[in-house]
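Here are a few exercises to work through with the structure open beside you. Try each task before you read its solution.

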Amino acid sequence: MSALTLLGLSLVLQTLATVACDPSVSEGKETQVRTPHPLKPWESAYLPNSLKPISYEVQLWPWLFREKASGLFLFHGRSKVTLACLNQTKVIVLHSKALNYTKPPRVFGRDTLTVRKYWQEKANEYLVVLLDKHLEKGKVYSLHTAFSGELTPEMAGLYRCQYQEEGSIRFLAVTMMQPTNARKIFPCFDDPALKATFDLTVIHRPQHSVISNMPPRATSEMWVRGQVWLVTRFQRTPLMSPYLLACVVSDFRFIEETSNGVTIRVWARKQAVEGGQGDFALQAAGRLLHFYEQQFQLYYPLKKLDLVAVPCFDSGGMENWGVIIFRETNLLFQAGENSESSRQSLLLVLAHELVHQWFGNLVTIQWWNDLWLNEGFATYFSYLGNTFINPDWTVDSVFAANGLHLTLESDALANSHPLSIGEQEVSTTEHISQLFDNISYEKGASVLRMVSNFLTEKVFLQGLLSYLKEFSFRTVTYTDLRTHLQKAVNNQSAVSLPTNLKSILDTWVLQLGYPVVTVNTSSGLLSQQHFLLDSSSTVARTSKFGYRWYVPVTWQMNTTLQNMIWINRTTKVFVRKAVVKDQTWILANINAVGIYRVNYDDKNWDKLLILLMKNRDAIPVINRAQLIDDAFSLARGRHIRISRALETTHYLHTETEHLPWDMLSNHLDFMKLILSGSPSYSLLEEYILSKVRPVYQYFMELAWAELDTAPTDSCDQFAQEVVAGLACSNGLWECHKVARNLYSLWMAQPDVNPVPPSLRPVVYCRSVTEGGQAEWDFAWKMYELANSAAEAEILRYSLACSVNASVLDRYLSLTMMPWKIKRQDALATIVLVAQNINGKKPAWNFIKTNWATLISEFSTAEAIVGLLEGVTSRSYRRRPTGGKGLGQREDGIAEPIKVKVKCDTAGIGHKLGEQFTFHWWDHIFNKAAADIVVETQEDGVVLQKVTSGGQEEGAVSNKKPRRAAVGREMLYGRFVKATTLTPHREQAEAEEPQSSDSSDQDEALDLSSTRRLTDEELLRACGGRTAHKGARHGLTMKAKLLRLEEQEQEFLAKYGQRGRTAGAEAAARTDVGKGTKMNKWLAKGERPTREEGPGIGTPEEEGHRLKAKKHKRRREKEGGKDTGIGKRR
């Protein structure tokens, strides 16, 4: 009996044994996506179930130089895949993309089989091999191929990376196979469920080293045309999915240590390694690996772990088994040069990829529709690992700032998706790529955190341990996880649930979104409702659960924690204890462990906000941040007034923790983008300064009088960073001065950077914003010279802060030069420019002008759509962990255009496709540039858009609308309802005359009755500052902010570029400005300067101006002279 036959028999037995013991088979659960296959299986999007790979032998020979004949960078390869035949077939179908087969495929069994025909089915990315006779069920065969491909710079498959070091250009070859790029390197069954072993051989030049999943087992020399090459053969891998195979060919250096028998190495550029930038990651990796072995009670199954920092890498990190590849910023850290924020981000990514060695590599998803089982677990346990390394970074606080916030933001959109979706919905590479988003990562982690909380960590881990042990080296679905967690619940009695775990979890996993829980302390009712940021949007996806959830509500009454309440997929539940009186207050969702927003009745809101002003520490810091986050989101969703959201910020002048400031900063980005160019923008800045100035001064006295030192405590550094950022970006003169001084010192002595790492984003950006060409040129020079990837990242961000259009145009042009700006950063840099108020139009024009080049260089639909979404959306944030997927837009328009972009990237459509794309995205860009405004009415509020033609779109009310353009003296002369909290607010309001317009009270804006603010209330609203004269007439900052939407309507009607016609017509209708210069300005769509005319000063100035004008007319009428009474002093 031949050796091949013996091998075949053993592999067949192994395969059959695996199938026999796999519960997915015994329970009727298929190992692949099973849909009816046509007579021509290559026409299906799914692989046929006739063959299963057992092992691969792959040889790769990358040429890190241009081939003379073609001028291309190429790689050559050979592969042998051993197959088990599960069902009789005459056709072999496996994945292949962009490969050139240099020899016809050959198939062997007991004898050589004749290949009648072979071809590549490009539509489904297959290699199809037709045979002259059937492969027999239960037998083993092998497929042999020889091929070549291009080493492109596309950062997918096996690609080349170009970088500079020590004055020379260097190249390396690196792989990125997830999710569906293994097929670009060698023909394979590129399906996560089809695990096999891999024997890899790589041919490379002697000056290069090669790293792969396993240690080398042999190295030999090979001479080709008088040149010597090394042939490195690696040990066989364990059973794993094809996307986990990896290799790196480079001249990198490494440092190493051994931890619990595992050799850990950090590889990077020579300068980075010699500069000690890999030391921190090396130490942390060993500790984290041991921590996770203890948590999962399973040893890391390999003998070595390589961590590789690559200059050109599109993702934050890739969890290839035994050789994890990172973007440089996520592995390299230089003490004294990198901030605490970058250290925390590095730890989160490192921990995330290490968790994948168990969740994803050892236990793998059966199909991509359950991607969250990989990414959700890796994200959740990365936060635990982060806290293990630095206990000051508590799990809940770090999670609330990152994971939970991204979850609540992304999943409040109508175009979100469930964690687990139907297999039939994920059939193409585009579908798969779109699942790498905040839902799979952050919501997956948030659900696991919530489940761990209501099950208790002990029960939760018991279920996970049995899950890991049973499915090691196998594949799973969501049902498997749910089953093992239910077993853990059944094996204990301490935790009781309102129903079985399936009923609870399915509402969170199998439907999109989450609820807003409303707590009514007057009636004792707790109710739930599907929360959407845009309450007028429609969710197209239906749910068998009716968008109701089993909601675990944690709560406390005053400072006493209460028993958990379950809302059991009902709209409301009555809780007798929740009926409270007097000064008793209720706080729900303690430490924000639940995935829901919380709203309260007005009385409880008032009590909580009074408590914040009196004793903020009575409310946990996470919940202080949660109150701000929930309130602003609820206001956007039109559940509460915007004034109520602003009230949650009243106490911030006493807040020194970073988390509440982080939450405010997140919402300010959105508000500023909407209000940019309007009078409300400066009012908002002034209000923010009134809150941030005392905290800024506190930190100045604490540690950094000149911003040149950083606090020793990491949490204080986080707070310093966000507070200084808000102070500078909102115009605090003291912050501007010290930022300019520090930047000037650095420009004078470039070798000595006086700016603390945590403040560099603030100082650099502010200096570039206020500086000229010299400041920008200096930042660019330091970007080119930066040896630290983190420092280069900060500079690249800061270069987009310029307000000079020509400078931004120049910066945009540099994105097309990969030797200037790395290819991995090009599209992100364009988005950064677009996020600058002054750069949005230049960025959009740049895209349209360079469309053909962008399509050519970035040929994937995901990359182009991500760029378009980033440029046209009002807010755009990349996942902090550097995830592989795209974010989501609020308008949900990305999906239909992806098909068109894909056509363009495939080279079809040409001018028609280009025109269609620009027409569509011009519309979206204009939509993003237009501001959403609120028109006040006598008895209501209507939300409407101002379009480019000046026409107004929106619901038509049966009430007569107030005139669109009102004089500023009218606008600011009206008294606005006080929202400053006092213990006797209700009594004070009861004593005031009430307006007959009562229908406004439940609207999103506070348009109810008005009263004059007392001096005591004004002092409290301003954080203890002396009230100015205008405040005595109801012109406080709070009063102004209550009219943000009204002022925005006024600005658009009068001055907006998009509202010229409407503004002119409104000016003609109103008495204000008739026969004056104002009418001419409005007709032209121009905004007058303060020196040119009325309607542009502060409320106090306008009041004095009108008084002076009135007094002058009276004196002239009486024949007297103007005494100057009423003039501004």
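The exercises below go from the whole chain to one sheet and then to a single loop residue.

**Exercise 1. The chain as a whole**

Describe the secondary structure, burial and contacts of the protein chain.

*Solution.* Keep in mind that this is a predicted model. Begin with the elements: the protein chain has 37 helices and 34 strands. Next, take burial: 59% of its 1129 residues count as buried, with under 20% relative accessible area as the cut-off. Then turn to the surface, which comes to about 45,100 Å², with 51% of that belonging to carbon and sulfur atoms. Finally, look at the contacts with a separation of 6 or more: residues 24 or more positions apart account for 71% of them.

**Exercise 2. Strand E1 and its partners**

Work out which strands pair with E1, and in which sense.

*Solution.* Locate E1 at residues 51–66 and check its cover: 12 of its 16 residues are buried. On to the partners. Strand E2 (residues 73–85) runs antiparallel to E1, and 12 bridges join the two. Arg66 stands opposite Phe73 in E2. Six residues separate E1 and E2 in a hairpin, and Gly71 in the turn has a positive phi of about 75°. The other pairing to find is with strand E11 (residues 197–204), in the parallel sense over six bridges. Here Glu57 is the residue opposite Asp199 in E11.

**Exercise 3. From the pairings to the sheet**

Give the strand order of the sheet and explain why E5 and E13 each have a side without a neighbour.

*Solution.* Carry on from E11: four bridges join it to strand E14 (residues 227–234), and these two run antiparallel. Val202 faces Thr232 of E14 in this pairing. The full order is E5-E4-E8-E2-E1-E11-E14-E13, an open sheet of eight strands with mixed pairing. Strand E5 (112–113) and strand E13 (216–224) stand at the edges with a single partner strand each, so one side of each lacks a neighbour in the sheet. As you inspect the strands, recall that side chains in a regular strand alternate between the two faces of the sheet.

**Exercise 4. A loop residue**

Find the surroundings of Asn124.

*Solution.* First place Asn124: this residue lies in the loop between strand E6 (115–121) and strand E7 (126–135). Then list its contacts, leaving aside neighbours within four places in sequence: Trp42, Glu43, Ser44, Ala45 and His95. Last, look for polar atoms: one in the side chain of Asn124 lies 3.0 Å from the backbone oxygen of Trp42.

Methods
Residues are numbered from 1 along each chain as its sequence is written. This is a predicted model: local features need pLDDT of at least 70, side-chain atom pairs count only at pLDDT 80 or more; totals for chains, interfaces and linings use all residues. Side-chain values use heavy atoms; hydrogens and water are left out. Buried means under 20% relative accessible area, exposed over 50%, partly exposed in between (1.4 Å probe, protein chains only). Contact means heavy atoms within 4.5 Å. Accessible areas come from the Shrake-Rupley method with a 1.4 Å probe; for residues, only the protein chains shown count as cover. Two strands pair if DSSP finds at least two bridges between them. A polar contact is a pair of N or O atoms within 3.5 Å; within protein, one must be able to donate a hydrogen and the other to accept it, and residues adjacent in sequence count only if both atoms are side-chain atoms.
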